[in-house]
Amino acid sequence: MSEIIFDEKSKVFHLRNNEISYILCVEELNILAHVYFGERISNYSGGLKYPRFERSFSTNFSEISHRNYSRDTLLHEYPTIGNGDFRIPAIEVEQENGVALLDLRYERYEILDGKPALNGLPSSYLTNDDQAKTLVIYLKDDCAKVEVGLNYTIFRDLAVICRSVIVKNYGQSNIRLNRAMSACLDMPHTEFEVVDLNGSWGAERQISRHSISPGIKIFSSTRGTSSHQQNPFIALVEKSTTENQGQVYGMALVYSGNHEEFIEQDQYGQLRLGCGIASYGFSWILEPDNVFQTPESVMVYSRKGLNEMSHTFHDFVNQHIVRGKYQSKLRPILINNWEATYFDFDDEKIKEIIDSSAELGIELFVLDDGWFGQRSNDRQALGDWFENKKKLKMGLNGISQYAKSKNMMFGLWFEPEMISENSDLYRNHPEWVLSAPGYGKTFSRNQWVLDLSRQDVREYIKQIMDQTLENVSIDYIKWDMNRYLTEVYSDLLPTYKQGEVYHRYVLGLYELMEYFTKKYPEILFEGCSGGGGRFDLGVLCYMPQIWTSDNTDAIARLKIQYGTSLVYPISTMGAHVSAVPNHQTHRITNLAIRGAVASSGMLGYELNPTELSNEEKEEIRTQIAFYKKYQQLIQEGIFYRLRSPFENNETIWLFVSRDQRKALLFYFQKMAQAAPKLDVVKIPGLNPNAKYLIDDKVIYGGDELARCGFYLFPFLNGDYMAKVFEIQQLDTIL
Ligand code: DGJ
């Protein structure tokens, strides 16, 4: 159940389901204050009302003479700056007369069944209105003529609250919005730490955990994309929180552009955290009668540690973010020719790859970069999305048909947002590049970014890609994006609207993604941005999986996939077995560990199968058979992180099927030890009353495995080793 209760007398709003409560109230002078977010409260009496007392130097309201009620200290829901609260604001505006103030007071509320879609932005969805309820609280500043609608959706079956904000100008003059966060959460003084996912190309979503000290810490991307460097997510955890115990407040943003997650500890130890579009480079002119819609933020509460937070995020993403045919369909095992050939391929090479992949049992062949225009290296042809018949004499159709004749599906790579200087597109439309008058156009990977805020650019991309998609039988598209944004200026917008370009780029991108995914619902789309540079909930609203990282090294992938799993389910992570020495780290690992790591995601291969020995081919056939046997468990099961590669030589993770009948335990060892510790691993999530067989050998009770565990023995000999334990429930219930 989910319910939203409003108590007229105390002016308290209480949103709750079986797991969580979120409480806010309308305070004196119609200030909207935060009260509580956390484990469910069955009877809220109003006891947590913010105490009234005077703090030296704190501000007081102009309307009252006493000094014991201040904006400076109160816990707010959607704070502004400039009239008494000096902490980081949720919203900042500039009125036409230069006044940079907003005094938001409570006006009214609405309670809705279900959840309204967001205006022009991707957001979570319901399959039935019973799955959630939404509270909309309207705040107003009648001097600035600004109304703010705060949306809170509480889900029936998940410890999740989604928030978003609509800002409306109901006056006669323009308003400049300089900041509009999606969510802000004030909390009383508590000793929390903050967890975030940071990294770089090839090392995305590494987990960091820091203590919180007085002041402001901002985690952010200013690169125009959600970025390799900082994923749009933070969590507050208690000092004692582990994977399996302790409170966690997770916050993630459904957005693919510049974002910021902030945390402030104020002078009295109170906390303010929030997230939204980054303020850097952002401003928005809100014309009379227009609205600005913020992206959606997703807040998850767990009282049983990070694993439980991740389970909630995973269920939420699988049920309310990912959509379309492949939401519940098992994903094809693919082979991608990128690391096998890079740009150096022709029909013959491709046919050979298809032939030997088909023999291995691979189900989908993906033709990566290099099939179009004059693209023989990364200096040219982006934007010229027509096939290169000199390079591929059979043409795309011929290759697609060839793959089909071998019982394989066919997939194709695009990088729709980009343009090369040496391209027909640039020769015809130099004005379509994102660039600023008087400045050079900064290169990255020898390429520039198209100005997606322009409709003519978006129409070109639709039309040129349609030509291929309508004429070639394509089952899969990899949508790549290989640089960040610079010279963010658009020719078609007036000077005073240039602060809108970053966000308009993202809106343009979403329009394109919406167009292609709606028009071609049979195609499996995989997001990509130089690997995992745009791994976010915005992309996942269109594409059910994302290429997790360009780094395919099994050992590096342990951390990348472990970190990614904090928020994103296994069903969203593309993971490939590649050749050794690995192309990114030059490390040599055995095929077994490469297979085990890639099988912990949406399995694919990224190597030249014609170069494999017979033994390697046999091993890959076995890997594929194993994956197919357990594919449903891996794609849809419950994933537990048991031992972290960030802190240990060993990594352990576990998949348990929803019906608790099967489980797979993956055990990885980085370096061999002369005198290894004898490890006991405990297995959560099984039926405590059932018996389980491990590797067809030993029978254990479900509660025995959870509490006593079993010895990880014999030891793994050698560096970079993996072992997968198959756990099956016996039909006899104890
Ligand atoms: C970056 C991607 O992440 C790679 O997998 C590959 O598609 C290259 N781009 C191609 O240019």
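**Warm-up**

Is Q660 buried, exposed or partly exposed, and what is the relative accessibility behind that label? Q660 counts as partly exposed because its relative accessibility is 27%. On this scale, buried means under 20% relative accessible area, exposed means over 50%, and partly exposed is in between (1.4 Å probe, protein chains only).

Some ground rules before the exercises. This is a predicted model, where local features need pLDDT of at least 70 and side-chain atom pairs count only at pLDDT 80 or more, while totals for chains, interfaces and linings use all residues. Residues are numbered from 1 along each chain as its sequence is written, and side-chain values use heavy atoms, with hydrogens and water left out.

**Exercise 1. Work out the backbone oddities.**

Task: find where Q660 and R445 sit and what phi they have, then do the cis peptide bonds.

Step 1. Start with the background: most residues other than glycine have a negative phi, and most peptide bonds are trans.

Step 2. Q660 has a positive phi near 65°. Q660 belongs to the loop between β32 (650-656) and β33 (662-669). Helices (H or I, at least four residues) and strands (E, at least two) are DSSP runs, numbered from the N terminus.

Step 3. R445 has a positive phi too, near 45°. Look for R445 in the loop between α5 (424-428) and β25 (447-449); with a relative accessible area of 28%, R445 is partly exposed.

Step 4. Now the peptide bonds. V580 and P581 are joined by a cis bond with omega about -5°, and P581 is in the loop between β29 (573-578) and α10 (591-598). F713 and P714 are also joined by a cis bond, with omega about 0°; P714 falls in the loop between β37 and β38 (721-733).

**Exercise 2. Describe the nonpolar patch that includes F713.**

Step 1. List the members: L678, V680, Y711, F713 and F715 make a nonpolar surface patch of about 490 Å².

Step 2. Check the recipe. Patches take residues with over 30% relative accessible area and no salt bridge; like charges are joined within 9 Å, and nonpolar side chains (Val, Leu, Ile, Met, Phe, Trp, Tyr) within 5 Å. Areas come from the Shrake-Rupley method with a 1.4 Å probe, and for residues only the protein chains shown count as cover.

Step 3. Zoom in on Y711. Y711 is part of strand β37 (residues 710-711) and is exposed, at 52% relative accessible area.

**Exercise 3. Sort out the salt bridges.**

Task: how many salt bridges does the structure hold, and what do three of them look like?

Step 1. Side chains of opposite charge can pair when their charged atoms come close. The cut-off here is a side-chain nitrogen of Lys or Arg within 4 Å of a carboxyl oxygen of Asp or Glu. The structure holds 54 of these.

Step 2. R156 and D157 pair up at 2.8 Å, N to O. R156 is partly exposed at 28% relative accessibility, and D157 is exposed at 51%.

Step 3. D186 and R272 bring their closest N and O atoms to 2.7 Å. This pair links distant parts of the chain, 86 residues apart: D186 is in strand β10 (residues 175-187) and R272 in strand β17 (residues 271-277). D186 and R272 are both buried.

Step 4. E243 and R641 form a salt bridge at 2.8 Å, N to O. E243 is in the loop between β14 (230-238) and β15 (248-254) and R641 is in strand β31 (residues 638-643), so the bridge ties together parts 398 residues apart in sequence. E243 and R641 are buried as well.

Step 5. Through shared partners, salt bridges join D85, R87, D186, D266 and R272 into one network.

**Exercise 4. Map the ligand site.**

Step 1. There are 13 residues around the ligand, and D368, D369, K478, D480 and D550 come nearest. "Around" needs a heavy atom within 4 Å.

Step 2. Add the polar contacts (N or O pairs within 3.5 Å; within protein, one must be able to donate a hydrogen and the other to accept it, and residues adjacent in sequence count only if both atoms are side-chain atoms). The side chain of K478 puts an N or O atom 2.7 Å from a ligand oxygen. D480 has a polar side-chain atom 2.7 Å from a ligand nitrogen, and G531 has a backbone N or O atom 2.9 Å from a ligand oxygen.

Step 3. Finish with the cover: the protein covers 98% of the 290 Å² of accessible area that the ligand has on its own.
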